[in-house]
Every structure is written in C-alpha cells, then in structure tokens.
Amino acid sequence: MSADTEQTGKSILIVDDEPDVRLILNAILTCAGYYVTEASDGQEALEILANRKFDLVLLDLMMPHLTGEEVMEHLHREGRLSDIPVIMLTAKAERKDIEKGYEGGASFYVVKPFANNTIKELARYFLDGLTESEKENILFNLMGTSG
Amino acid sequence: MRRLLWGNNLARSSNNPLVEAQLQLKLLQEELALSSRGMAALALELENKAVALDETNKQLQQEIAEHRQAVEALKKSEAKYESLYNSAPVAYFSVDTNALIRRANKAAEALLGYTFEEFRKMTVFDLYAEESKTKARELFGEFKRGNSLENEEMVYNRKDGQEVHGLLSVNPIKDEEGQVLKSRSVVVDITGHKKAQKAQRELEAQKLVVDKLKELESAKDEFISTVTHELRTPMTPLRSTIEMLLDGSLGELTDRQEKFIRMMGRNVERLAQFTTEVLTLSRLESGRFKLDMKRLSLHEALASVLELMKQKAQSKKSTVSFNIDAEITAYADVNSLGIIVTNLVNNAIVHNSEGTAVSVSAHKLDAGLVEVSIADDGQGIPEESLENLFDRFYQAKREDGPGYQGTGVGLAVCKALVEAMDGKISGESHIGEGTVFRFTLPAQEKKGTEE
C-alpha cells in the first residue's frame, strides 16, 4: 500500500487460483485505495469470509477444491449474498455461463481478459456510494467496452 | 396223341381179315366218332382259343392305346418340362465332365446375358468373375468325383461386364456304372440381395464415419475451447500489466520504454482477438454457437458498437459515419451483429491509410430482407484477393498498404455469423476508389423457423 493513495476504508476479497491475476487485481484495487485480501481457492475464501466482513468479493469461477459456483451456493445458503456484492471473473464467455453466473447470485460478471478500468469502475460502482446517475453512467460505459 | 391211337389199333388187328376188316371198320367208326367228338372238342377248343385270342387282342389293343396315350402324355410332359426348364425363374445349366456347357435355360441366358449359342462355345469357368475362379475349379473337381454341391456362393461376370451373385447347386448325373456324365446345375440370382446387403453395410459404414466425424468435431471444439481458455488466462495479467505500465500506476516510463510497451500491447490485443475469433468460428462450425434471434432496430443495435469504432478511427484520423433509419428492423442476434459490424469497420480503418472515410448504412431490400453496407474510400482490394477474402486464414496481399497484419479469421467469422442468421455477405472493390462489404439479414422472423 503506497503512502500517496487515499484510503477509502472499504475492503475487497480477491479469490483466484492464478497468483498473477491476484497480483494484478491487488495492484489495481490497492492503487484505487481499497483494502485487499487474497484467497487462492474457494475453500480458503469461505474460511476468510467466515471470520471477516468484506464490502466486495471478486470471485474466479474455475478453481480447484471449491469452484466459484460452489462458493456462491455456500454464500447463498448462509443468506450472505444480500450483504456482499460478488463480481464473477471468468474466461468462460458463453452466454449460458454468464446467465448461470447471474442466476447463481452474481452482482456482475466480468470476462477475462479484462480491462483494468473495468475492475476500477466496478469497485467504484459497488463501494463508493455513488448517485444513481453516476452508477448508470458507469454501467453505460462498461456495457460499451465489453461489446 | 391221335397218331399213337391209330398205331395201337392197327397193331392189334393182324389175324382174321374180315374180323379184322369189321374190327377195323368198327374201330374206324369208333375212331370216326371219336374223331368227330375230338373235332368238336377241337373246334370248341379252337373257338375258346379264338375267344381268348380275341380277348388278348383286345387287351393288346387297349394296352397299345394306353401306351400311345402314355407316349403322348410323356411327350406333352416333356414339352411341359422343356418349357418349365426354359421359363423357370432360376437358371439351369448342364455341364459335362469337360466343363463344357451343354444346356442352359432362358433364365440362364437372361441371368448372364449370353445366348445358348454363345454358352455352347464356353466352358463353365468362363462364366465366373476373377474372385470366384479358384473356387469354381475346386467345385468342378467335387462334381467330377460325383459329389453334389449345395448353395455355393459364386460371383459371375455377365457378358456386359456386370457382376452377378448366385447360389450354385450341382447334382451330378451318372450312368449305370456310376460314371459322372453331366451336371444338373441351378443358379439362384442373389445379386439384389447382395446389393441390398452391400448398401446396408455401406450405410452402416457411413453412419460410423458420420459418428466418428461428429466425435472429432466435438473433440476439436473441446480442444479449441481448452486452448483458447488456456491462452486467455495468461493474457489477463499481461494485458493488465501493460495497461498499468502505460497509465503510470507502476511509475513513469521513458518514451522509448513506452513505445515498446505499446507494441507489446498491440500484440497482446491481436492474440486476444485471434483466440476469440477462432473460438467463435469453431463454435459456429460445430453448431455450439447459440444465437439469440430477435427482431431489433438496427440503429439501436449498432449505436454503441459504432460509437466505439468512431473513437478508434480518430487515432488514425479516419471517420466513421452512421446512417441507419430508426425504423429499419432486422431479425438477428445482437451480439453477432456487433461482431460482424465491428470486424468490417475495423478492417476498413486498419487496412487503409490515415484519413479514410467509413460509412455504415442500411436499407430494405425486397423479399423481406435488409442490407447493411460498410463502405470505405480507401485503396481497394485486388479482385483476385476479394474472392478468397472470406476463407479462413486468408489475408489479402497489398503492396502499398500499411503494415497491419490481421488474423485472417475475422471475415470467416463474419461470413459464418451472417450465414447462421440466414443472410449472405459479399464484397465489392475498385482499386483506388474503395471497398464495400454488404450483408443481408431477414427483416423479420420467418414463419416456422423458430429456434
């Protein structure tokens, strides 16, 4: 955490089995002023989530041990999805995967490879207490770039 | 018997001539009486004999008549047999021990296409197709040894060269001493049956091939899906890192560093685009690409896509104009439409020099179709390249064009997507004047073609 970034005080859990992806996401979000915690698979994510409160979860879909979908099911059963927005990250770009992601309770679905800005803007959308019109603006721009 | 009687009487009368004469007379009288009685008896006997003879004669006559009848019947039956032989639905042959064909019925002529005259000049081996010749010789040996053959599958060559499949049965005909004289051979035509069997086998083989192809297609799709995923995963941190380097998140860059990192960025983008296109094409080919066909306003569907392309054009000082009436609708999948138009507009920008004007328009055609055109005023594509442009991995050769290298898949994807939506795509170009790509889409859903 560099000294010159202004802290928003919001915390984000990054769940991805790829260390490189975690590194990138951590860098992007830390630079944007969020507290970031990393989990390398679904099992670890659930353990961390059981002990600490987070404001946003970035969840990879395809992981060993416990997949993103299974983590979602778990959170759904515990009734925690209403408290925490979850952004699904995945290389699966098919319509049926995306639909399945939203049905599973995802707040947003990001296809890899993503633009850094998408991650930053989504964090802003969920965490920065924006007005409705500001939020709409973000969504409009994101929809455009995800084509 | 009578002579003996005379002799006895004469021998007994040898002493007194009168007595002898009287006796003689008496004897003669007796004899006469006897004789006449004998005569009568004889006559009776004769008469009886005559009656018997007559009877015999009658019987004979009858027998002769019966014989005649029998002969007639025999002749008739022979003729019948002959006609049966000739018109029987199975082919009959008779072959002698020298393998010469001695008889052949009409069915045999019809089966193999030779006349009997021709058969007579042939040996039985001349009838068989190459594959059956060895077997024919073995079977002929069996026949000569006096053995019967039953339902041997043979292949014959017709006079016209066609193959005939037959079931051959042979009975050797022998003389009293058991020597084989000739054969009585029957050939049942099973060509139709064989053909049906062959067709069935071919059908089954084809089914196997189709199944195998489907399996391969699915394996290929699975493979491409895995490969693209594996390519995309490492691209994520690469792309993000390049982005962070360029936006200064990781510290200031020198101009030289920035130049090289931008080059890295362009290549990562190219790789990303290529993997997406290959995946799309593979899905389209295997039918796994799902279209969400809806009636949509072309203007609405393309607005955001073209907004992005306008931004992209600015970097090359080119322009993208967009002229589609709000009322024009098409029955299409909005994502696919976006991919097609993005590809075509992107090509028009990157394959032409700076300051190219690209215009996107749409209008209604007859027969319930709409046409979307993407036109540029660039340098044009040579005619010989235009033909192959939609082929996978084909890239038009340009001598004076900018150094951009496409993936060669984009237009193949466009074509596959347009065709998946029941449209057609074509290109027209004039060197030095520009290029137009046009594709059609149904204006609305066709009846009975619901997904």
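A salt bridge is counted here when a side-chain nitrogen of Lys or Arg lies within 4 Å of a carboxyl oxygen of Asp or Glu. In this predicted model, the side chains of Lys120(A) and Asp247(B) meet in such a salt bridge, with an N to O distance of 3.9 Å, and because the cut-off is 4 Å, that distance of 3.9 Å satisfies the criterion. The count between chain A and chain B is one salt bridge, while four residue pairs, both members at pLDDT 80 or more, are found in polar contact across the interface of the two chains.

On the side of chain A that touches chain B, the elements giving two or more residues are helix H1 (19–31), helix H5 (116–127) and helix H6 (132–146) of chain A; the largest share, six residues, comes from H1(A). The composition of that side by class is set out below.

| Class, side of chain A touching chain B | Count |
|---|---|
| Nonpolar | twelve residues |
| Polar | five residues |
| Charged | six residues |

Taken as a whole, the contact draws 23 residues from chain A and 20 residues from chain B, and the two chains bury about 1800 Å² between them, with 57% of that area on carbon and sulfur atoms.

A separate feature concerns the surface of chain B, where Leu238(B), Phe260(B), Met263(B) and Met264(B) make a nonpolar patch of about 350 Å². Helix H7 of chain B, residues 255–286, supplies the largest share of the nonpolar patch, namely three residues, and Met264(B) has its place in helix H7 of chain B.

Methods
Residues numbered from 1 in each chain as written. Chains lettered and ligands numbered in written order. Predicted model: local features only at pLDDT ≥ 70, side-chain atom pairs only at ≥ 80, totals over all residues. Heavy atoms only, no water. Contact = heavy atoms within 4.5 Å. Buried area = accessible area lost by both parts, 1.4 Å probe. Polar contact = N/O pair within 3.5 Å; in protein donor to acceptor, adjacent residues only side chain to side chain. Helix = DSSP H or I, 4+ residues; strand = E, 2+ residues; numbered from the N terminus. Nonpolar A, V, L, I, M, F, W, Y, C, P; charged D, E, K, R; others polar. Patch = residues over 30% accessible without salt bridge, like charges linked within 9 Å, V, L, I, M, F, W, Y side chains within 5 Å. Areas by Shrake-Rupley, 256 points an atom, 1.4 Å probe, with all protein chains shown as cover.
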